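Colleague: Could you take a close look at one residue for me and then set it in the context of the whole chain? I would like to know where it sits and what surrounds it.

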Amino acid sequence: MTDSTTKSPLESRASGPLAGKVRVPGDKSISHRALILGALSVGETRISGLLEGEDVLNTAKAMQALGAQVERTGPFAWQVKGVGVAGFAQPVSPLDFGNSGTGCRLVMGAVAGCPITAVFDGDASLRSRPMRRILDPLELMGAKAGEAREGGRLPLTLHGARDPVPILYRTPVASAQIKSAVLLAGLAAPGVTTVIEQEASRDHTELMLKHFGAEIVSANEGSHGRKIALTGQPELHGAEVVVPADPSSAAFPIVAALIVSGSDVAFSDVMTNPLRTGLLTTLREMGAAIEESEVRGDAGEPMATLRVRASKLRGIEVPPERAPSMIDEYLVLAVAASFAEGTTIMRGLQELRVKESDRLEATAAMLRVNGVKVEIAGDDLIVEGRGHVPGGGLVATHMDHRIAMSALVMGLAADKPVKVDDTAFIATSFPDFIPMMRSLGAEFS
Ligand SMILES: O=C(O)C1=C[C@@H](OP(=O)(O)O)[C@@H](O)[C@H](O)C1
Ligand SMILES: C=C(OP(=O)(O)O)C(=O)O
């Protein structure tokens, strides 16, 4: 996918009721972490339900380049034989993370604790994203970033620490990627590495570290925060990981089912970790009919079947403290808000500016070009819902999978078709999105 020049446009049009039961692919966050922790463990890790999207496949390649044995043993089934904590080997060529911030930043943390040097690179989107936020704590732990562009942007050379030191670090923004990078580097440091976050971000790294045998304690901090303490230099043991379905991927067909009248769609095994369910909370507040059944858990990650039926939605205000639990879902929430009656105000979205694209601007542009009234006020996004969307626009995806999927969802219920300029990046997180949506009744051409 890196710097692809051939674009694959697609148009989506008003469709009949969506119906069926599907399992969206494995969770992207958990898939990256299973490969990385498998590589840092002694013995064998077996992963089922891995997301075989480009982002995760790039992490798998990076683990191989760093000395782990990584093998696909069947559909979505992978086996990793690890090198142990701080055991990474010097890679012979640059590590290419393609479009993936998570893969790149988490592996930076893991490399920072090893006495090796690695070059990190990615596509034009990833090269535009800030890496200083990761390099700052890693340098405090003893790693050194070599020559890099302004803001620590890729490509960059990272020299891991010979003797990593544990730190206490307060993350400057609610970011699971920063927290996870520090914890992964902390694995190699003697003593306790502590991360304090003012707003709790997704805790998959903490849960999975415990699952692999690390001593890690997490406590509430302030009204919305967490304090996480990891004891360094554990022996991590290979483990079984069952990857639940990705709620951030399910978000697209969920919103599609809500806005296409008469729809009734079920989603199995969707991860319902409370630090990832902000969108479900918000949609329910807007009037969405979403029922949970078959609730269960695996390796600390709860999951459930969700049944979603087309619903009349109303505009609401989404508080800023909810942002970390739905940070990747605002684009498709903005689509739902466009079909709602009344104004939806989404507050505190500054982090959307540093994702695969500037998602605040790109979301507003997607809505505007399709006749929806929208405004950006500081870090807030304000959408005027009128119960229907004119459509007819051509949406620029800016190398961003979630813009492409959101726009295609919008077209399924808009008055006129909606076209996206490029669907290629959907393969980073949801390779079967188009056929799965068609199987539910979506009309794409
Ligand atoms: O840790 C993770 O797996 C992720 C954390 C989030 O990023 P930030 O940590 O930058 O908020 C999210 O946007 C990304 O898709 C996945
Ligand atoms: C922000 C995302 O991913 P990443 O940061 O891993 O590129 C995303 O998938 O929406």
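Modeller: Happy to! Asp264 belongs to strand E15, which covers residues 264–271. Please keep in mind that this is a predicted model. With a relative accessibility of 28%, Asp264 counts as partly exposed, because buried would require under 20% and exposed over 50%.

Now for the surroundings. Leaving aside residues up to four places away in sequence, Asp264 touches Leu18, Ala19 and Gly20, along with Arg307, Val308 and Arg309. For Gly20, the separation along the chain is 244 residues, yet its C-alpha atom is 7.1 Å from that of Asp264. With Arg307 there is a link through side chains: a polar contact of 2.6 Å joins Asp264 to Arg307.

Stepping back to the whole chain, contacts across long stretches of sequence show up there too. Of the contacts between residues at least 6 apart in sequence, 76% join residues at least 24 apart. The secondary structure of the protein chain amounts to 24 strands and 13 helices. Its radius of gyration is 21 Å, which agrees with the value near 22 Å for a compact globule of 445 residues. The C-alpha trace spans about 60 × 45 × 45 Å along its principal axes, and 60% of the 445 residues count as buried.

As for charge, the protein chain carries 52 negative and 44 positive side chains, with the centres of the two sets 2 Å apart. Finally, the accessible surface is about 15,600 Å², and carbon and sulfur atoms account for 50% of that.

Key
Residues are numbered from 1 along each chain as its sequence is written. Chains are lettered from A and ligands numbered from 1 in the order in which they are written. This is a predicted model: local features need pLDDT of at least 70, side-chain atom pairs count only at pLDDT 80 or more; totals for chains, interfaces and linings use all residues. Side-chain values use heavy atoms; hydrogens and water are left out. Helices (H or I, at least four residues) and strands (E, at least two) are DSSP runs, numbered from the N terminus. The radius of gyration is taken over C-alpha atoms; the globule rule is 2.2 Å times the number of residues to the power 0.38. Buried means under 20% relative accessible area, exposed over 50%, partly exposed in between (1.4 Å probe, protein chains only). Contact means heavy atoms within 4.5 Å. Accessible areas come from the Shrake-Rupley method with a 1.4 Å probe; for residues, only the protein chains shown count as cover. Lys and Arg count as positive and Asp and Glu as negative; His and the chain ends are not counted. The place of a charge is taken as NZ of Lys, CZ of Arg, CG of Asp or CD of Glu. A polar contact is a pair of N or O atoms within 3.5 Å; within protein, one must be able to donate a hydrogen and the other to accept it, and residues adjacent in sequence count only if both atoms are side-chain atoms.
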